[in-house]
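Subject: Structure for your review

Dear colleague,

Please find below the structure that I am handing over to you. I would be grateful if you could read the notes that follow with the structure open beside them.

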Amino acid sequence: MKDTPIIALDFATLKEVENFLDLFDEPLFVKIGMELFLQNGPDTIKAIKDRGHDIFLDLKLHDIPNTVQSALAGLGKFNIDLINVHAAGGIEMMKSGLKGLKSTNPNAKLIAVTQLTSTTEEQMQKEQNIQTSIEDSVVHYAKNTKDAGLDGVVCSPLESKILKETLGKEFLKVTPGIRLETDKTHDQQRVTTPEEAKNLGSTHIVVGRSITQHTNPVERYHEILQRWKG
């Protein structure tokens, strides 16, 4: 699995994806989210895989253990490299999901979402009724994730440092909320630059609109890649 920046393909159609990928002449690591997958189906995965790219299928599964196990067994057949569930589903759900994924795709990695990078501490406390700091909540979910045998978590770069300290540098910390100094934050609340994310302990970064909506996506990707690699 590549350690290059993961490009979030936040498009509605496969045609838009193909037009975007046509700009690049190198293998990429890309993210297929719910918008793209649910509107275009598994053919999206095959079309991107045929181009030689790694895929993070970002569906954030969260259901009873048996359902998640069956769903991941099915999704594993599509030759994905990385996929996620919600840590809030609990340890048994995550264990079941891992079992399902490994039954059809032993090489794929499974990670869990802790707190969305669009969530503030105030929202978490008021709307989720989790009466602790957002950092404590992320660490708690991450520890459950590791106990379940998963490969890592999705978290804000701001929590990567403490997760590296408590769970080790090999535990994946896949971090959205990456912006350059001139970018708008949009709906993201807990954001950093690529360099800050690297220094804090992120193992992978996810970048969307900063690349996909740029006037020169290839140039912007290489700028972020260079800053990420240091």
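The notes below cover the nonpolar cores, one helix and one aspartate.

Please keep in mind that this is a predicted model.

To begin with the interior, the largest nonpolar core has 50 residues. Ile7, Leu9, Leu57 and Val85 are the residues with the most contacts inside this core. Leu57 is a useful place to start: leaving aside residues up to four places away in sequence, Leu57 touches Ile32, Phe37, Ile45, Leu75, Ile80, Leu82, Ile83 and Asn84. There is also a second, separate core of 11 residues, including Ile6, Ile111, Leu172 and Val206. In soluble globular proteins, nonpolar side chains tend to be buried together.

The next item is helix α7, which runs over residues 134-147. Its 14 residues reach 20 Å from the first C-alpha to the last, close to the 20 Å expected at 1.5 Å a residue. The buried residues of α7 are Ile134, Ser137, Val138, Val139, Tyr141, Ala142, Asn144 and Thr145. Among the elements that cover them are the helices α5, α6 and α8 and the strands β5 and β6. Just after α7, Gly149 takes a positive phi of about 95°.

Finally, is Asp54, in strand β3, buried or exposed? Asp54 counts as buried because its relative accessible area is 11%, which is under the 20% cut-off. A polar atom of the Asp54 side chain lies 3.1 Å from the backbone nitrogen of Lys2. Not counting residues up to four places away in sequence, Asp54 touches Met1, Lys2, Leu28, Phe29, Val30, Lys49 and Asp81.

Yours sincerely,
A colleague

How values were computed. Residues numbered from 1 in each chain as written. Predicted model: local features only at pLDDT ≥ 70, side-chain atom pairs only at ≥ 80, totals over all residues. Heavy atoms only, no water. Core = buried A, V, L, I, M, F, W, Y, C linked by side-chain atoms within 4.5 Å. Buried < 20%, exposed > 50% of the residue type's maximum accessible area, 1.4 Å probe, protein only. Contact = heavy atoms within 4.5 Å. Helix = DSSP H or I, 4+ residues; strand = E, 2+ residues; numbered from the N terminus. Expected span 1.5 Å × (residues − 1). Polar contact = N/O pair within 3.5 Å; in protein donor to acceptor, adjacent residues only side chain to side chain.
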